[in-house]
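Work through the exercises below with the sequence and the coordinates at hand. Each task is followed by a solution that proceeds step by step.

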Amino acid sequence: MKKAQRIQNIKTILLSLMLVLATAVLLSSCSSSAETDSAVALQTALEPTAVIPTPTEETAVAPTAVAATLPTDECLLCHINKDELIQTADPVEEVVSENEGEG
Amino acid sequence: MAPLEPWEKALVNGETYPDSVHGQIPCQNCHGGRQSADKAEAHTDIIARPSDDPEIYCQECHPDVVALNENNLHDNLAGYWTILDQRTVPEDHETIATMFGNHCSSCHATCGDCHVSQPALVGGGLIDGHMFNKTPSLTRNCTACHGSRVGNEYLGKHEDLQADVHFRQGRMACIDCHTGHEMHGQPAACEDCHTSPETQMVEPANHRYDGVQSPRCESCHITATIGQDDIEMHQVHGADLSCQVCHSVAYTSCDGCHVAISETTGNPFYATDGSYLDFKIGLNPLKSFDRPYDYVTLRHVPISSDSFAFYGDNLVPNLNALPTWVYTTPHNIQRETPQAASCNACHGNADLFLTVDQVYPNEVEANQPVIVPVIPAPISEITATVGITITEGISATAGLTTTTIISPTEQNP
């Protein structure tokens with residue numbers, strides 16, 4: 001009778017251990033899943049940081065690239081700019097022609 | 001042509017010009033100046049019109065054209081001197097040169113005045129964002145200068161007068177007849193023009209109507225003057241009338257141009273006694289193998305004996321050396337005209353011909369080479385004498401401002 005009870009106790013202990021193990025396994029998997037989520041979250045959180053340098057680099061490159069097609073000539077820089085020309089135009093002196101008749 | 005705003009005159013097309021051939025050349029190579037964002041500094045020693053010196057700025061890439069430049073009338077204005085030399089005397093030429101510099105030299109046109117910008121004479125200004133146009137614009141280049149006569153005639157700007165048929169129906173531009181070779185001072189090819197016996201001893205022409213015609217109507221209308229088409233008047237008249245005698249309508253003549261310097265502004269100016277639409281047929285003063293016409297159209301030019309009186313007395317002593325009614329080629333060609341409506345729309349029509357009574361008394365001597373002594377008789381008189389029959393054709397239509405059209409019914413009942 002005692003022997004049967006011991007066996008039952010051992011089974012209970014084993015079951016408990018298995019449950020504990022299973023719980024541990026589950027917890028550990030949950031934990032790794034959480035860690036992955038954290039990593040993803042972190043990565044996502046870091047992405048802007050990681051991406052920022054790219055646009056920054058592009059921003060840094062872009063003006064250089066555009067600068068290659070835009071004129072570096074000061075003359076052209078002004079003379080292709082309508083607003084600049086309007087702002088810097090000399091005042092128009094009205095010349096009254098004294099010509100009479102067909103020229 | 002509306003005047004350009006100051007910024008419009010100087011605006012370069014940033015999309016097209018930098019990629020063009022001339023856009024590959026640094027601005028300073030032609031325009032001088034300095035590299036600076038400050039306008040005054042940048043414009044120091046600026047050369048606004050580099051092609052004033054084509055030998056320096058155009059020669060390297062366009063040697064063939066620049067080599068002709070000394071013969072280019074747009075550049076050398078030699079046509080003025082052809083006339084001035086004959087009407088003035090050498091001892092006055094220094095004074096005449098001063099007058100010329102003040103009043104006539106503004107007609108000088110550079111390469112850029114035709115190919116990049118509007119002519120300086122009308123205020124300049126880039127036409128197409130500094131793009132170089134091989135073909136000048138009809139209105140913004142050619143008639144910008146040649147406007148008061150040719151432009152107004154050709155484009156039909158005179159009230160009640162149609163535009164030239166070549167423009168109205170053909171939309172032809174100046175350059176379609178007046179080639180780039182002609183503009184630059186060289187005929188397209190010598191053999192194209194020099195086909196006559198006279199060419200055995202060809203000398204450079206010293207007058208626009210001296211020698212071979214270029215352009216000439218017959219280059220396109222081949223059959224018209226040799227009587228090989230179905231038009232009776234072409235067969236009857238052949239080459240005794242210039243094409244314009246039958247095919248042009250009223251055009252501008254001017255009287256009495258006087259030049260002076262303004263006391264208030266110091267600017268040179270001119271004043272003419274008058275300008276008017278007229279149509280006059282006269283004798284051909286420059287008859288030649290290539291211009292065999294008995295009759296041509298005449299236009300009164302505004303020279304007078306005191307035209308240059310501001311600069312001195314009697315500076316036009318030889319007014320009579322040349323007619324004041326000059327051989328002209330109006331640019332308002334029409335297929336049907338009042339004077340060609342019928343035989344007697346012209347024959348017997350005294351209003352059409354420059355007779356002595358229509359010439360200012362002080363200009364009669366000058367115009368002896370062109371004055372028509374006796375106008376062609378009406379056909380009825382000719383038929384009565386010769387015994388031929390001419391069928392009257394199209395009825396007269398309005399168009400000549402100073403011409404009284406005599407209908408066939410009135411003239412030849």
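**Exercise 1: two loop residues of chain B**

B:Asn314 sits in the loop between β4 (295-300) and β5 (325-327) of chain B, where strands (E, at least two residues) and helices (H or I, at least four) are DSSP runs numbered from the N terminus. This is a predicted model, in which local features need pLDDT of at least 70, side-chain atom pairs count only at pLDDT 80 or more, and totals for chains, interfaces and linings use all residues. Residues are numbered from 1 along each chain as its sequence is written, while chains are lettered from A and ligands numbered from 1 in the order in which they are written.

Task: determine the sign of phi at B:Asn314, and state why B:Asn314 counts as exposed.

Solution. Phi of B:Asn314 is positive, about 50°, although the residue is not a glycine. B:Asn314 counts as exposed because it has 12 C-beta neighbours inside 10 Å; the cut-offs are 12 or fewer other C-beta atoms within 10 Å for exposed, 20 or more for buried, and partly exposed in between, with C-beta atoms placed from the backbone.

Task: locate B:Asp160 and describe its phi.

Solution. B:Asp160 lies in the loop between α11 (147-154) and α12 (165-168) of chain B, and its phi, near 70°, is a positive value in a residue other than glycine.

**Exercise 2: a peptide bond**

Task: which kind of peptide bond joins B:Ser214 and B:Pro215?

Solution. The bond is cis, with omega about 0°, and B:Pro215 belongs to the loop between α14 (190-193) and α15 (232-237) of chain B.
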